[in-house]
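Let's take a walk through this one together, a stretch at a time. Have the structure open and follow along.

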Amino acid sequence: DFHVGKTVSDLLGDPRPTPATGEEAATEGASAPPVVAAGLGDMFAGGSDAALGVLTDGADHGDDSMEAELLAIVKDMDRLLGPALAAPPIRAALDRFLPRAGGDDDGEPGTSASRMTLLPDVRLMGLPLELLAAFRTRGTRPVARDFSIHVLAHRRLEYANGAADDPKAKGGPAPGAPTEVSSADMCMVIDPRNEDTGSTAKENPRPTVLEAMDSVVSEVPSINAGAWAGVKGSERIPSVGEWQTMLRQRKSGGFLYYGPGRLLSHLPPDRLVGLDARGCRLVMLVDQADNDMSFRRQSKVNSTRRAAALMLERPVEAAALWTLAGGGAVVVNQWASSFHANRRLVMRFFGALGGTRGDAGPMQVGDALIFALSATMPEPVPGVEDAPVDGGSKRPGSAGSKGSKKGGKGKGGKSPKTSPSNSRPGSPGPEVPKQSLKARVAMNPVLYGVPSMLLS
């Protein structure tokens, strides 16, 4: 899932910014070439440089044909849409509203996501628009998408003053204040058919989906995920009626689906479209990862459905159906994912929402998604890799943590010098090459709707 020693911008041939001299910095001030946003995990850092020996014709992607195909699509997008976004009025607007990474008022590198919401034509929504040169050369990406300005305005009006059926909530929060999503009113369906068995391969181990969710419960206690309503596949297979009842009962909470296959293959679109799910302010669909078992089941189900019905299970259509049902913020994968990528997304996203990842405390949904997609190292696996989590926190049970069964203590109860507890969190040694998420991983999840929601 990672590029090592190079970035997406290197592979796309973006110009490498030249540092300004002292005199240039004094005269140009804020217009000096910016450094890249730390909040994007250096994904867009640098650019093509002959000294790097990085090819930009799609031949330097190793065996990852999906990454090569995606970057070829991005180049085509730049050729077709780039001239429109480079027109003087559009360029001026982007310069004003998209924060160029490179520094806040205190001189620290900028880490905030942009406040821009894309409203593309529906025929373009299947493209990785967030990876257009107009955005990546500024070291940022739009924080969300939506179907039209009218849909976005309706969402903001619907969730501006709390629940629609709560008269006490009207006139409460100030205009523009983040919408609160009640953690106590969240619900979830995790691997509804218990199809994921994880992986014990030494070179790429992975816990199951159910074990990954248990890790969220233990590592992010602030969101109280252990008390969320819902069904796990290890208990039973939820019926369609259970899905519908669960969604209708929400008042100011949300819904998480985390498991193999497509969500709407478990909950048919015709059972969702007429549902009143306005209480699901946050809808997160962590799906589109398959193993042999889920793929075989999905193939058999697909053979019994009409093409029109299968089209409704696609990501853009799924986001539209959840919007019609009342979802305020809908996170979906745009294309096929992997269990590793989905686990990383869940761990980092809810860690950021709960304030246990990053340095900024609890984040809003849009910022949490940007953070989740800015990983610079693989997510550690419990019991396999005793390493600090990317983002500054340690996993319970790892060396140097309080819950570690094996002693991270030397003689006299003191930590040895080589213990991770004495090392700087998240600081790889100089021998570790820089890593950045591949475009097919970092650009896969997108947010439709309101990004300014807080899990409380």
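A residue counts as buried when its relative accessible area is under 20%, as exposed when it is over 50%, and as partly exposed in between. Keep in mind that this is a predicted model.

With that cut-off, start at Asp 191, which has 1% relative accessibility and therefore counts as buried. Asp 191 sits in the loop between β5 and α7. Its backbone deserves a look too: phi is positive, about 40°, although Asp 191 is not a glycine. Most residues other than glycine have a negative phi.

Now take in what surrounds that loop. Strand β5 (residues 186–190), helix α7 (residues 209–219) and strand β6 (residues 229–232) make up a β-α-β unit, and it's right-handed. The two strands pair in the parallel sense, over four bridges. To find your place in the pairing, look for Met 188, which stands opposite Gly 230 in β6.

On the other side of the helix, the loop between α7 and β6 holds Asn 224. Here again phi is positive in a residue other than glycine, this time near 55°. Asn 224 has 46% relative accessibility, so it counts as partly exposed.

Further along the chain, go to helix α14 (residues 339–354). Its 16 residues should span 22 Å at 1.5 Å a residue, and because its end C-alpha atoms are 22 Å apart, the expectation and the model agree. Of those 16 residues, 15 are buried, so α14 is largely enclosed by the rest of the structure. After α14 comes Gly 355, with a positive phi near 85°.

Technical notes. Residues numbered from 1 in each chain as written. Predicted model: local features only at pLDDT ≥ 70, side-chain atom pairs only at ≥ 80, totals over all residues. Heavy atoms only, no water. Pairing = 2+ DSSP bridges. Right-handed = clockwise from strand over helix to strand, strands pointing away. Expected span 1.5 Å × (residues − 1). Buried < 20%, exposed > 50% of the residue type's maximum accessible area, 1.4 Å probe, protein only.
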